[in-house]
Amino acid sequence: MNDWKLEEQGLIVSTNASEYLCKKLVVTAGAWSAKLIPGIAQHLNVTRQVITWVKPSDADMFSPNRFPCWMIATDRSGGSYYGFPILPEHPGALKLAYHFPGEPTDADQVNRTVTEADTGHLHQFMKAYLPAGTGETERSKVCLYSNSPDQHFAIGNLPGFEDRVCIAWGF
């Protein structure tokens, strides 16, 4: 969805493919929510976050039937490290990331280059807390968080469009 507007005949939703007419609309646009929902820009913090996949020395130890999804926060971390067992989408690689208030960014102008500074602390964390999960990086990528200032999400009707447009943002 690129845009939407209320016309006499209903809501017009514009996409790259076409325009669509609908009676009701649910907008769940993540980091692009502020661009599509009037008036929420000051209530949405879009941040750059890095996730990475590492190849542990003993992949069997981190299979879904032996290792859970996990989250660890320490007194000094300022956030929470989290990860997932080795899943079929990334065979042989353990996914991990750091949940914290990241670098503010614009959803359309994100720095997608992953640096050693982005991943180095992840490897240090693994060495300290999950040493068997330490290994070479298979891949890393940048994703986006879109949080409200108080870290609570918002779901409800858009003021002025109460019976027509429902919004969900800040996850």
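The paragraphs below lead through a pocket, a surface patch and a loop residue in this structure. The model is a predicted one, and residue numbers run from 1 along each chain as its sequence is written.

A good place to begin is the largest pocket, which holds about 150 Å³ of space. Its lining is made up of Arg 48, Gln 49, Val 50, Tyr 98, Phe 100, Gly 102, Glu 103, Ala 117, Asp 118, His 121 and Leu 122. Two elements, strand E5 (45–56) and helix H2 (116–129), each give two or more residues to this lining, and H2 gives the most, with four residues. When the lining residues are sorted by class, five are nonpolar, three are polar and three are charged.

From the pocket, the reader can turn to the surface, where Phe 153, Ile 155 and Phe 171 form a nonpolar patch whose accessible area comes to about 370 Å² together. One of these residues, Ile 155, belongs to strand E11, which covers residues 154–157. Ile 155 counts as exposed because its relative accessibility is 58%, and the cut-off for that class is over 50%.

The last stop is Gln 151, which is found in the loop between strand E10 (135–147) and E11. The phi angle of Gln 151 is near 70°, a positive value in a residue that is not glycine. With a relative accessibility of 47%, Gln 151 counts as partly exposed, since that class takes in values between the buried limit of under 20% and the exposed limit of over 50%.

Conventions: Predicted model: local features only at pLDDT ≥ 70, side-chain atom pairs only at ≥ 80, totals over all residues. Heavy atoms only, no water. 1 Å grid on protein atoms, 1.4 Å probe; cavity = no way out; pocket = protein on both sides within 12 Å on 5 of 7 lines; lining within 4 Å. Points joined across faces, edges and corners; volume = space filled by probe spheres on them. Nonpolar A, V, L, I, M, F, W, Y, C, P; charged D, E, K, R; others polar. Patch = residues over 30% accessible without salt bridge, like charges linked within 9 Å, V, L, I, M, F, W, Y side chains within 5 Å. Areas by Shrake-Rupley, 256 points an atom, 1.4 Å probe, with all protein chains shown as cover. Salt bridge = Lys/Arg side-chain N within 4 Å of Asp/Glu carboxyl O. Buried < 20%, exposed > 50% of the residue type's maximum accessible area, 1.4 Å probe, protein only.
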